[in-house]
Amino acid sequence: MSVAMVVFIVCGALAILGAIGLILAREPVHSALSLVLVMVALAVLYLMLGAAFIAAIQILVYAGAIMVLFVFVIMLLNAGVEVRTNVSRIAFWVGLPLAVLFLAEMVYSLSRHYAASGALASAGAVAGPVPASTEELSMKIFTDFVLPFELTSILILIAILGALVLAKKEAS
Amino acid sequence: MEFVTQHSFLVVSLIKIAIVLFVVMTALAYLTWFERKVVARIQSRWGPYWVGPHGLLQPLADGIKFLFKEDVVPPTADKVAYLLAPFLALALALTTLALIPIGPASIGVLGQQTQLVISHSPVALILLFAISSIGVYGVALAGWSSNSKYPLLGGLRSSAQMISYEVSLTLSVVGVLLLAGSFDFYNIVDHQAGHWYHFFPRWEIIPQFLGFICYLTAAIAETNRVPFDLPEAETELVAGFHTEYSAFKFAMFFMAEYANMITVSCLATLLFLGGWLSFFPSYENPGWRWQLYLPAAGLIIGGIALIIGGLRSVQWNAKAVFPVLGIVCIGVGYLCTLTGPSHPVAEVIQGPFWFIGKVFFLLFFYVWARGTLPRFRYDQLMSFGWKFLLPLSLINLVGTSIFVVFGWHP
């Protein structure tokens, strides 16, 4: 077993464990930390696929900015232990079947893919042509995908303005 | 032995990690000594003096004391997060150092050419910011998990402060990135090679002076140091987020703070002060080869100073130890000159010599600031960060991009 394979298995297991912990933990801060674990493990997987920039941005933005704000808000509001209710009816009749269906779909397509490519060992390098370097990525963003990119930035700007307006109303 | 040849990259990396860890841990310990000595000198005191000559064994004594103290865990603490916090803080603070290159040369180990950095990545700068951005969790978790008033307030304050100043810190660096056009430290430093008018080094601190000021200020706040050490404002918050931590867990937070100091100083050196580049024209130019003797000269002068200082000291142990140390220094320095300037060793240590010198200067600046400036008030700190530092770094960013777009940059 190569070193890359070991890292892949460890990070995959950590990501799954984190996802389970996120749902099962009753303390909000523990849930948030589990989500951070998932994000960091995913970032390592991106790194192994050769997408170092995406990996760094994943940690910087999701784990380092968004989740820090989550944890901050949980701490600030001093949210207590979450209360468990029985599974809601919608979740039971709609959510659960959909989850099972999605899982089956994923297992099917992945197994077919591996049957075609013939090797699980190449798990670290199956993602096809990934824009590896930052230059290629930025060229893509600012040529082919410039409209979605700019629209997203306008969306974020509107969100910031909305937050400002809401905060200001409360103050006066 | 077969394993070593097969996995030479792994083995070499492990060796490098061990060396860096040892050096950094020692440096951390003596940084505390250095800080106490310099602050003492600023305040006309002696500082640590009695444990070893001039208190040189004080860090060791402190470390042993921390190891053997009772480790009190508050009964109401959230155990997992409480234990995780100091590990997270120290581990992340040390991990960032893996991305810092200290010299241009590559050396052959185990039949493999290896660079003077643990991990060479094309996006090293973003990775470094990414790792240090999750360092906030150490502080936030410590504050929350202690389940106590002052740590919670301290944790909230310091995470708010770190989030706020991280924005300015990252933006102040973008100017350098625009000029260098790369996230790779090697490319960034190479871009700073050369001199204006054959005298002024082309370091980014000259075109990016505004960015440098923003970076330095934000970096002090980011590492929770005076004058922005609000999380540890003892008059208001006892000891901030680490109030409930004792023994070695407290020491881990302490070490993390100093490791972060070293990291931001290294980063400032790489980005603004030309990294490992010499202040003078390259030693490859005729007439500048004497620079290769500089490290040896430094050692010999330091050795002479140690001998004189030791003999004049009133402490008997300083009288005994310092002259011996001085003679060792002179001996090593003399050995360096014996090999001659054309020897590869002289060229390899040239990069680390300048790099460590600059980092040391920045660390001294940190301590100097601590000894000089009073602490900010919390609301002043926040409004300074958001209303002054952030606009300033944005102005720097916009100005630099205009220069780059019109091709005016030097």
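I started with the fold of chain A, which reads α-α-α-α-α-α along the sequence. My tally for chain A was 6 helices and 0 strands, where helices (H or I, at least four residues) and strands (E, at least two) are DSSP runs numbered from the N terminus.

A note to self on the basis: this is a predicted model, in which local features need pLDDT of at least 70, side-chain atom pairs count only at pLDDT 80 or more, and totals for chains, interfaces and linings use all residues. Residues are numbered from 1 along each chain as its sequence is written, while chains are lettered from A and ligands numbered from 1 in the order in which they are written.

Next I checked burial in chain A: 17% of its 172 residues are buried (20 or more other C-beta atoms within 10 Å of a residue's own; exposed is 12 or fewer, partly exposed in between, with C-beta atoms placed from the backbone).

Then I looked up the largest nonpolar core (buried Ala, Val, Leu, Ile, Met, Phe, Trp, Tyr and Cys residues joined through C-beta atoms within 7 Å). It has 114 residues, and those touching the most other members include A:Met39, A:Ala56 and B:Ile126. Helix 11 (residues 247-272) of chain B gives this core its largest share, 16 residues. Another core, of 10 residues, lies apart from it, with B:Leu299 and B:Phe322 among them.

I finished at B:Asn147, in the loop between helix 6 (136-145) and helix 7 (149-180) of chain B. Why is B:Asn147 partly exposed? Because 16 other C-beta atoms lie within 10 Å of B:Asn147. Its C-alpha atom is 8.1 Å from that of B:Pro74, 73 residues apart along the chain.
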